[in-house]
Amino acid sequence: MAWRGELPIKALAYMPNEHRRSLTIYQLLFKTTRTSSKRTNPTSIQIPRVFKPRTTAMSASDAISGITKPRQIIKKVLSRPQIDGDGAMVRRSIGRPELRNLDPFLLLDEFSVSSSAGFPDHPHRGFETVTYMLEGFFAHQDFAGHAGTIGPGDLQWMTAGRGIVHSEMPAGSGVSRGLQLWINLSSKDKMIEPKYQELKSKDVTRVERDGVSVNVIAGESYGVKSPVYTRTPTMYLDFTLSPGTELHQPIPEGWTAFIYILGGEGVFGSPDRPQDSAHHALVLGPGDGLSAWNRAGMPLRFVLICGQPINEPVVQSGPFVMNTRAEIEQAYDDYRLGRNGFENARQWRSQ
């Protein structure tokens, strides 16, 4: 998707009119450029008192599953509707003022786009975008000739690397709904050649067991692994729990982890916590696994997303995410001059 962040005025002057129109919209909506590092991180998570982790006894189910230190909820963020791109509606959780980023994750949007809206031509550098469709269809084109359409349950894992200019627009009538996740790349990978991994719904690994079903987008669950290669080590699991069921999912210790609830209500972390509902992001504290319970009368659907922290400085400006301000300036110059990965940027327009 497009951006999301502060765009220097000179950068807008460098851009073709079509790109400038779209990016000006984003500049008006999102005026935040952020820098973080391992030593000084102004966006580090502050644990609200109400979500201070408690010492809880390990349940019998946790013991059976091999989880010895269940992760607790340390932050809760409600994603609120806002306009992005060209009239598209998104609910942003990571990337909001309350949760600027969550190393290695930069942004999570739940988007809902009608046929008259979308995300027209815009550039990226320095990270990956993961688009997972829930309903409807999205058409994608880029300046290197890659084009295609993804539908319900389909996945596109795009490594922007040194440079991509692309468009993402709804295809067909009705509403197109899905999730887009931005994953940071380490400094050694930010300037690699762009790559795509795309899976149709029928090729996404699925497991069903004891009232729990999971689409294994990345990583592993119930002993089954996804074929997706994650340059920044990542786990991305789409769970549906039937009423009255529970889940105990191992998570690598030291990895960042959060939940985003798509539908229903559930209890997460400790069995005595209150239920959390749709459109909330729940950040998990340290531990080796997640426990969840569905005590409601309807299915509970949520994604569990985990990743190995990169622990490098993050400088984000508009559609570019690098390690230093100088690299951001270089990205704008490369885009303007059509070099270092943006050779086709000036003459390309999506159809």
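The legends below describe close-up views of a predicted model.

**Figure 1. Overview of the protein chain.** The predicted chain has 351 residues, and 56% of them count as buried. Its secondary structure consists of four helices and 27 strands. When contacts between residues at least 6 apart in sequence are taken, 72% join residues at least 24 apart. The chain also holds twelve aromatic pairs and 16 salt bridges, some of which appear in the later views.

**Figure 2. An open sheet of seven strands.** The strand order in this sheet is 3-4-5-12-7-10-13, and the pairing is antiparallel. Strand 3 (80-84) and strand 13 (195-199) are the edge strands, each pairing on one side only. From one strand to the next, the twist averages 25 degrees. In general, strands of a sheet pair through backbone hydrogen bonds, in a parallel or an antiparallel sense.

**Figure 3. The edge of the sheet at strand 3.** Five bridges connect strand 3 with strand 4 (residues 88-92), and the two strands pair in the antiparallel sense. Within this pairing, Arg80 stands opposite Arg92 in strand 4. Strand 3 pairs on one side only, as an edge strand of the sheet.

**Figure 4. A cis peptide bond between strand 4 and strand 5.** The peptide bond that runs from Asp103 to Pro104 is cis, and its omega is near 15 degrees. Pro104 belongs to the loop between strand 4 and strand 5 (105-113). In the order of the open sheet, strand 5 comes after strand 4 and before strand 12.

**Figure 5. Two residues with positive phi.** Tyr222 is not a glycine, yet its phi is positive, at about 50 degrees. Tyr222 sits in the loop between strand 16 (220-221) and strand 17 (224-225). Its relative accessibility is 27%, so Tyr222 counts as partly exposed. Asn340, also a residue other than glycine, has a positive phi near 50 degrees. This residue, Asn340, lies in the segment after helix 4 (325-337). Asn340 counts as partly exposed because its relative accessible area is 34%.

**Figure 6. An aromatic cluster.** One aromatic cluster is formed by Phe143, Phe320, Tyr332, Tyr335 and Phe342. The structure as a whole holds twelve aromatic pairs.

**Figure 7. Surroundings of Asn323.** Asn323 is located in the loop between strand 27 (320-322) and helix 4. Its relative accessible area is 11%, and Asn323 is therefore buried, the cut-off being under 20%. At 2.9 Å, the Asn323 side chain reaches the backbone oxygen of Pro313. Leaving aside residues up to four places away in sequence, Asn323 touches Ser187, Lys190, Glu312, Pro313 and Val315. Pro313 thus appears both among the residues touched by Asn323 and as the residue whose backbone oxygen the side chain reaches.

**Figure 8. The salt bridge of Lys200 and Asp154.** In this salt bridge, the closest N and O atoms of Lys200 and Asp154 are 3.6 Å apart. Lys200 is in the loop between strand 13 and strand 14 (205-209), and Asp154 is in the loop between strand 9 (147-150) and strand 10 (155-159), so the pair ties together parts 46 residues apart in sequence. Lys200 counts as partly exposed because its relative accessibility is 40%. Asp154, by contrast, is buried, with a relative accessible area of 6%.

**Figure 9. The salt bridge of Arg301 and Asp238.** The side chains of Arg301 and Asp238 meet in a salt bridge at 2.6 Å, N to O. Arg301 is in strand 25 (residues 300-307) and Asp238 in strand 18 (residues 234-241); the pair links distant parts of the chain, 63 residues apart. Arg301 is partly exposed, with a relative accessible area of 29%, whereas Asp238 counts as buried at 3% relative accessibility.

**Figure 10. A salt-bridge network with Arg273 and Asp276.** A salt bridge joins the side chains of Arg273 and Asp276, at 2.9 Å from N to O. Arg273 and Asp276 are both buried. Lys76, Arg273 and Asp276 form one network through salt bridges that share partners. As a general point, side chains of opposite charge can pair when their charged atoms come close.

Conventions. Residues are numbered from 1 along each chain as its sequence is written. This is a predicted model: local features need pLDDT of at least 70, side-chain atom pairs count only at pLDDT 80 or more; totals for chains, interfaces and linings use all residues. Side-chain values use heavy atoms; hydrogens and water are left out. Two strands pair if DSSP finds at least two bridges between them. Axes are lines fitted to C-alpha atoms, for helices over the stretch in contact, and angles run from 0 to 180 degrees between N-to-C directions. Buried means under 20% relative accessible area, exposed over 50%, partly exposed in between (1.4 Å probe, protein chains only). Rings of Phe, Tyr and Trp (its six-membered ring) pair if their centres lie within 6.5 Å; planes under 30 degrees apart count as stacked, over 60 as edge-to-face and the rest as tilted. A polar contact is a pair of N or O atoms within 3.5 Å; within protein, one must be able to donate a hydrogen and the other to accept it, and residues adjacent in sequence count only if both atoms are side-chain atoms. Contact means heavy atoms within 4.5 Å. A salt bridge is a side-chain nitrogen of Lys or Arg within 4 Å of a carboxyl oxygen of Asp or Glu.
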